[in-house]
Every structure is written in structure tokens, then in C-alpha cells.
Amino acid sequence: MPVDPAAPWDGGWWRGARALPSPNVSPRPEAARVDLIVVHSISLPPGAYGGDEVFRLFTNTLDWDAHPYFGTIRGLEVSSHFFIRRDGTLWQFVDCDLKAWHAGRSFYRGRMECNDDSVGVELEGLEGDLFEPAQYRTLAALCEALRGRHPIAHVAGHSHVAPGRKQDPGPGFDWARLQHLLCWPPSFFPAAAADNPRPPPAASAPEAERP
């Protein structure tokens, strides 16, 4: 489904997306500078596409007994600002002025706790699998819209902000393709970020992906 990058904002809600508010949100720190987009991949159960399980996870309505895998994440409270389905349809769960619970313990561009000052975007997919052309088009349109509202200067994967702990969106995600669609400077993307320094040993370890 085509997404209009020029669609206006309603506060922190982008009119280019379908809205389904999640209860899993927190205020951003007062001085937060939202300059990072974190790209994730998700499917529930892993590798199954087209159902409503991701929506239920983000709204705390998932039936934990509906599939054996769900028992391994029972009680998990997570959210993302946006979710892009395989056909490119875009959903928004969290106001971009608020903090979604997507990155967890993380470190990037010299800063800890990426939930504080990033926008999380989940792609319906599986680590190591390929993503659909429609998803890249929607992601690029969304990135443009976010950059029009926030001082976006970085786009990274969950694996880049939580190395060793997370692997998504995985090797199947084509960073060069996204860069080509956006025509943004190479410095915005992980390949140009050199090494992401590890956080200091005293860093806290929040539960799951919560702040």
C-alpha cells in the first residue's frame, strides 16, 4: 500500500500510518534529541506472516497459550512506534513524542538507552530472511517524514545498538537499498559508522526492551 511521505502529523502521530495505541509507553527525557531510527524485524510466531499476533503483543492482548513459542515470551511488555507489514502497510503504536519499548539495553552514537531518543520501526520479517520491496518503499517514506519532524542523523539496526544481544533485522536487510531510496549521506548508516564503542561496564540491564 503506497504511503505518502508528505502526509501531515497530528502531534506525534503520522497521518500516513494506521493508528493502534499501545499502553507500553513512557515519557522521553526532557532534553531528548530524537535523531536515531532503529530498524527491527518481528514475526509471531517466528516466520509466520499476516496474522494479528504482533498487534496483540504490542497491545498486551496476546494469548500466551495460543502457540508454544508464546510461552517463551509470556508476560513480555514491548512496543514499537511503527510496524510495516509485508505488503507495505504501515501501523503506528506509539506517539513519536513518547518513548516506545523497543531497543532495551542499548548504546549508539556515544549514548546509552536508545529508547530515550530514537524511533523504533519493526518490519514484519525474520532474521536472515529477505524483506519485500513494498516494505523498503514504506520505510523510506517513513524515514523522510520522520526527518521532516525530528533531527534524524542516524539509521541503525537493533543489532547495531545492542550488539551481541540482538541480531535483527539481520543479514537479509539491504542497507544499500535503503540508502539508495533515501539519498541520505553515507554517514547516516551503519556501514559508515565504523565501530560502535561498547558501553561502560557499569551500564544497567533493563528487563526485556523496556526503558
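A pocket here is an open set of grid points with protein on both sides within 12 Å along at least five of seven lines, and its lining residues have an atom within 4 Å of a point. In this predicted model, strand β5 gives the most to the lining of the largest pocket, with three residues. The protein chain holds four helices and twelve strands, and 50% of its 211 residues count as buried. The points below treat the chain as a whole, the sheet, the pocket, the cavity and several local backbone features.

**Overall architecture**

- The secondary structure of the protein chain consists of twelve strands and four helices.
- Contacts that span a long stretch of sequence are frequent: 72% of those between residues at least 6 apart join residues at least 24 apart.
- The exposed area of the protein chain is about 9500 Å², and 54% of that area is supplied by carbon and sulfur atoms.

**The six-stranded sheet**

- Six strands form an open sheet with mixed pairing, in the order β3-β7-β6-β11-β5-β12.
- At the edges stand β3 (18–19) and β12 (154–157), each of which pairs on one side only.
- Strands of a sheet pair through backbone hydrogen bonds, in either a parallel or an antiparallel manner.
- The antiparallel case is represented by β6 (residues 82–84) and β7 (residues 90–92), which are joined by three bridges.
- Within this pairing, F83 has W91 of β7 as its bridge partner.

**Strand β5 within the sheet**

- Strand β5 runs parallel to β11, to which seven bridges join it.
- Strand β5 also runs parallel to β12, here with four bridges.
- V38 takes part on both sides of β5: its bridge partner in β11 is G120, and in β12 it stands opposite A156.
- Buried means under 20% relative accessible area; seven of the seven residues of β5 are buried, so the strand is largely enclosed by the rest of the structure.
- The side chains of β5 divide between two directions, with L36, V38, H40 and I42 pointing one way and I37, V39 and S41 the other way, and all of these residues are buried.

**The largest pocket**

- The largest pocket contains about 490 Å³ of space.
- Its lining comprises 24 residues, of which S41, I42, Y69, E122 and K166 are the closest to the centre of the pocket.
- Two elements, β5 (36–42) and α1 (53–58), each supply at least two residues of this lining.
- By class, twelve residues of the pocket lining are nonpolar, seven are polar and five are charged.

**The enclosed cavity**

- One cavity of 30 Å³ or more is found in a search of the whole structure.
- The space in the largest cavity amounts to about 40 Å³.
- The cavity is lined by S43, L44, A48, G50, G51, E53, V54, F83, R85 and E124.
- This lining divides into four nonpolar, three polar and three charged residues.
- Among the lining residues is F83, which is also the bridge partner of W91 in β7.

**Cis peptide bonds**

- The bond from L44 to P45 is cis, with omega near -15°, and P45 lies in the loop between β5 and α1.
- L44, which precedes this proline, is also one of the residues that line the largest cavity.
- A cis bond is likewise present from D168 to P169, with omega near 5°; P169 is placed in the loop between α3 (158–161) and α4 (175–182).

**Positive phi outside glycine**

- R109, in the loop between β9 (107–108) and β10 (111–112), has a positive phi near 40° although it is a residue other than glycine.
- R109 counts as buried, because its relative accessibility is 18%.
- E113, in the loop between β10 and β11 (118–124), has a positive phi of about 50° and is not a glycine.
- E113 is also buried, because its relative accessible area is 17%.

**Loop residue N60**

- N60 is found in the loop between α1 and β6 and is partly exposed, with a relative accessible area of 35%.
- Beyond its neighbours within four places in sequence, N60 contacts P23, N24, L76 and E77.
- One of these residues, L76, lies 16 residues from N60 along the chain, and their C-alpha atoms are separated by 8.3 Å.

Note on methods
Residues are numbered from 1 along each chain as its sequence is written. This is a predicted model: local features need pLDDT of at least 70, side-chain atom pairs count only at pLDDT 80 or more; totals for chains, interfaces and linings use all residues. Side-chain values use heavy atoms; hydrogens and water are left out. On a 1 Å grid over the protein atoms alone, a cavity is a set of points where a 1.4 Å probe fits but cannot get out, and a pocket is an open set with protein on both sides within 12 Å along at least five of seven lines; lining residues have an atom within 4 Å of a point. Grid points are joined across faces, edges and corners, and a volume is the space filled by probe spheres set on the points. Ala, Val, Leu, Ile, Met, Phe, Trp, Tyr, Cys and Pro count as nonpolar, Asp, Glu, Lys and Arg as charged, and the others, Gly among them, as polar. Two strands pair if DSSP finds at least two bridges between them. Buried means under 20% relative accessible area, exposed over 50%, partly exposed in between (1.4 Å probe, protein chains only). Contact means heavy atoms within 4.5 Å. Accessible areas come from the Shrake-Rupley method with a 1.4 Å probe; for residues, only the protein chains shown count as cover.
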